[in-house]
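Student: I would like to learn how to read a protein model feature by feature, beginning with its aromatic rings. Could you take me through one?

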Amino acid sequence: MSFAVGSALSPSWSRPFGYTGALWLGVVFYLVLGTLVIALASGLLRIVRADPRTRLLWIRASTAVLIPASLITVGLGAHNALNPVINNVTVDVKDLPPEFEGLRVAVFADLHVGPTLGKGFTQKVVQLVQEEGPDLILIPGDLIDGTVHHVAPDIADLASLSAPLGVFVVSGNHEYYADDVNNWLDHFDSLGMTTLRNSRVASERGDASIDIVGVHDWDAPEPDPADLSAALDGADPSRFSILVAHQPHHIDEVAEAGINLQVSGHTHGGQMWPFNYAVKLAQSPRIVGLDSVGDAVLYTTPGVGTWGPPVRVGNTPEVAILELR
């Protein structure tokens, strides 16, 4: 039922059921993980021919601990997930125009409003961003899980986002799942954000300008695949540029194209330990924080929301404030 909230079911009445079911999924995950650890340890005790009473004591004691440990872990993780923080990051980049020195860029991704998170969470994130007074706001996708019909009211407060140099957003993979991606991007436009659909916009400060470039999600199907070449068509290669892309994978072509900075999300920082190890392998190995390829710098945010279990274990949701130098 949890995965139907926001797509087939209206969150207005079904979100409490969705939240409870998704939270229980997190508990089950840690119960299964703990059971596997207990079984492995018990097998090792058998291999070393430990006294049967020792093995029985181990199984009883560890099983007694497992249930409350799983409940406490998920409970703390659920509290952590609902309380994103500001993460201030200084980013050294090449060829930044002097007029843009000290530019403060707010970056948040992976809001995932729909099945478990609603209007109140959107308001909390918007307030965090606006209290920082950034010069520019960049949103690398996955704002929603669901359809425009069901979920749009829960992100209405994104219309309150404002920054002197604008608010820019691109599609993530979840914008494609329950609705047509352009329905969502058109709705984002209606909220006052500028959608970047394999396109770019010049942003001016004083006598200088930089390019804000955006592409569709890395896995986006036809007719809207990610196309960095189309986004850069006709661009001045000497102009400082920032790419907004949902997934970090673009960084190699970004470096080749001469783009200076890429901001991405998607990874959730693994969201729930020990998924961070699997995510690190999948993203090879860009999972969170700063990285670079040649002169191109990548910042991957762990995001603000959650997908699946509304739980974060081993990482903290964030709104990143990047100060460019």
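Tutor: Let us begin with the rings, keeping in mind that this is a predicted model. A search of the whole structure finds three aromatic pairs. In one of them, Phe29 and Tyr30 have ring centres 4.9 Å apart and planes at 75 degrees, and because an angle over 60 degrees counts as edge-to-face, that is how this pair is classed.

Student: Are Phe29 and Tyr30 buried or exposed?

Tutor: Phe29 is partly exposed, with a relative accessible area of 23%, whereas Tyr30 counts as buried at 8% relative accessibility.

Student: What is the geometry of the pair that Phe29 makes with Phe275?

Tutor: The ring centres of Phe29 and Phe275 are 4.9 Å apart with their planes at 20 degrees, so this pair is stacked. The pair links distant parts of the chain, since Phe29 lies in helix H1 (residues 11-47) and Phe275 in helix H8 (residues 275-283), 246 residues apart. Phe275 is itself partly exposed, at a relative accessible area of 40%, and ring pairs link Phe29, Tyr30 and Phe275 into a cluster.

Student: How should I read the empty space in a model, and which pocket is the largest here?

Tutor: Rolling a probe the size of a water molecule over the atoms shows where empty space is left. In this structure, the largest pocket holds about 450 Å³ of space and is lined by 22 residues, of which His268, Gly270, Gln271, Val279 and Trp307 lie nearest its centre. Helices H1 and H8 each supply at least two residues of that lining, with H8 giving the most, five residues. By character, the lining of the largest pocket divides into eleven nonpolar, ten polar and one charged.

Student: Which residues are closest to the centre of the second largest pocket?

Tutor: The second largest pocket contains about 190 Å³ of space, and of the 13 residues that line it, the closest to its centre are Tyr30, Gly34, Leu66, Ala69 and Ser70. H1 and helix H2 (52-81) each supply at least two residues of this lining, and the largest share, seven residues, comes from H2. The lining of the second largest pocket divides into nine nonpolar, four polar and no charged residues.

Student: Which residues line the largest cavity?

Tutor: The structure holds one cavity of 30 Å³ or more, and the largest cavity has a volume of about 90 Å³. The residues lining the largest cavity are Ser2, Phe3, Ala22, His112, Pro115, Thr116, Asp145, Thr306, Trp307 and Gly308, which divide into four nonpolar, five polar and one charged.

Student: Where is His174, and what is it in contact with?

Tutor: His174 sits in the loop between strand E4 (167-169) and helix H5 (181-190), and at 7% relative accessibility His174 counts as buried. Leaving aside neighbours within four places in sequence, His174 is in contact with His112, Asp142, Ile144, Asp145 and Trp307.

Student: How should I read a sheet, and which strands stand at the edges here?

Tutor: Strands of a sheet pair through backbone hydrogen bonds, either parallel or antiparallel. Here six strands form an open sheet with mixed pairing, in the order E1-E12-E2-E3-E4-E5. Strand E1 (85-91) and strand E5 (194-195) stand at the edges, each with a single partner strand, so one side of each is left without a neighbour in the sheet. Within the sheet, strand E2 (residues 104-107) and strand E3 (residues 136-139) pair in the parallel sense over three bridges, and Val105 stands opposite Leu136 in E3.

How values were computed
Residues numbered from 1 in each chain as written. Predicted model: local features only at pLDDT ≥ 70, side-chain atom pairs only at ≥ 80, totals over all residues. Heavy atoms only, no water. Phe/Tyr/Trp six-rings, centres within 6.5 Å; stacked < 30°, edge-to-face > 60°. Buried < 20%, exposed > 50% of the residue type's maximum accessible area, 1.4 Å probe, protein only. Helix = DSSP H or I, 4+ residues; strand = E, 2+ residues; numbered from the N terminus. 1 Å grid on protein atoms, 1.4 Å probe; cavity = no way out; pocket = protein on both sides within 12 Å on 5 of 7 lines; lining within 4 Å. Points joined across faces, edges and corners; volume = space filled by probe spheres on them. Nonpolar A, V, L, I, M, F, W, Y, C, P; charged D, E, K, R; others polar. Pairing = 2+ DSSP bridges. Contact = heavy atoms within 4.5 Å.
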